Amino acid sequence: MKALKISAILSILAFGLMTTSAFAEVPELPSNINSNDHVAAAAYYESLAMEEAVIVEKYRQDLEEHEDHAYAYGRRGQDEVSHLRANIREHEYQRAEDLAQAELHRKLLTVEQQAQNASSNSINAAAVQ
């Protein structure tokens, strides 16, 4: 009976963690950027990626400090090192997501421009005839 309760609690916690991480993926565009303005969207996601890179660099400096002077942090030093490594992984993942979004918007812009060129070429060809 006790094992069943523990199993149920663990299942609920695992589901909660999965749904939380699924919603924490890519931030939406702010309301002042039109979703069809791919240049602005790409620039927005690139700026987010640069912010993440700054955060990762700070965590890496802190991690290096903790590893170089582990004796100064006592028993909690290992916990802090693990926490810093987890933060670095999370922010690197978020940076990769932001860069992927920026790349997606650049590709959408290219496709959009190619479609406009194709339509203008067909209009020009019709005007020549």
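## Salt bridges and a negative patch

Arg85 is partly exposed, because its relative accessibility is 40%. The model that holds this residue is predicted. The side chain of Arg85 meets that of Glu67 in a salt bridge, with an N to O distance of 2.6 Å. This pair links distant parts of the chain: Arg85 lies in helix α3 and Glu67 in helix α2, 18 residues apart. Glu67 has a relative accessible area of 41% and therefore also counts as partly exposed.

The count of salt bridges comes to five. One of them joins Glu46 to Arg106, whose closest N and O atoms are 2.3 Å apart. Here too, distant parts of the chain are linked: Glu46 belongs to helix α2 and Arg106 to helix α3 (residues 76-128), with the two positions 60 residues apart in numbering. Glu46 has 29% relative accessibility, so it is classed as partly exposed. Arg106, at 33%, is likewise partly exposed. Both residues also take part in a network of salt bridges, in which Glu46, Glu103 and Arg106 are linked.

Another salt bridge is formed within helix α2, where the side chains of Asp62 and Lys58 meet at 2.9 Å, N to O. These two residues are separated by about one helical turn, because they are four residues apart in helix α2. Asp62 is partly exposed, with a relative accessible area of 26%. Lys58 falls in the partly exposed class as well, at 47%.

The table lists the three pairs described above.

| Pair | N to O distance |
|---|---|
| Glu46 and Arg106 | 2.3 Å |
| Asp62 and Lys58 | 2.9 Å |
| Arg85 and Glu67 | 2.6 Å |

Apart from the salt bridges, there is a charged patch to describe. Glu57, Glu64, Glu65 and Asp68 form a negative surface patch. Of these residues, Asp68 is placed in helix α2, which spans residues 38-68. Asp68 has a relative accessibility of 48%, so it counts as partly exposed. Membership of a patch requires over 30% relative accessible area and no salt bridge, and the 48% of Asp68 is over that cut-off.

Helix α2 therefore recurs in this account: Glu46, Glu67, the pair Asp62 and Lys58 and Asp68 are all placed in helix α2. Helix α3 supplies Arg106 and Arg85 as partners in the salt bridges that link distant parts of the chain.

Key. Residues are numbered from 1 along each chain as its sequence is written. This is a predicted model: local features need pLDDT of at least 70, side-chain atom pairs count only at pLDDT 80 or more; totals for chains, interfaces and linings use all residues. Side-chain values use heavy atoms; hydrogens and water are left out. Patches are made of residues with over 30% relative accessible area and no salt bridge: like charges are joined within 9 Å, nonpolar side chains (Val, Leu, Ile, Met, Phe, Trp, Tyr) within 5 Å. Accessible areas come from the Shrake-Rupley method with a 1.4 Å probe; for residues, only the protein chains shown count as cover. A salt bridge is a side-chain nitrogen of Lys or Arg within 4 Å of a carboxyl oxygen of Asp or Glu. Lys and Arg count as positive and Asp and Glu as negative; His and the chain ends are not counted. The place of a charge is taken as NZ of Lys, CZ of Arg, CG of Asp or CD of Glu. Buried means under 20% relative accessible area, exposed over 50%, partly exposed in between (1.4 Å probe, protein chains only).
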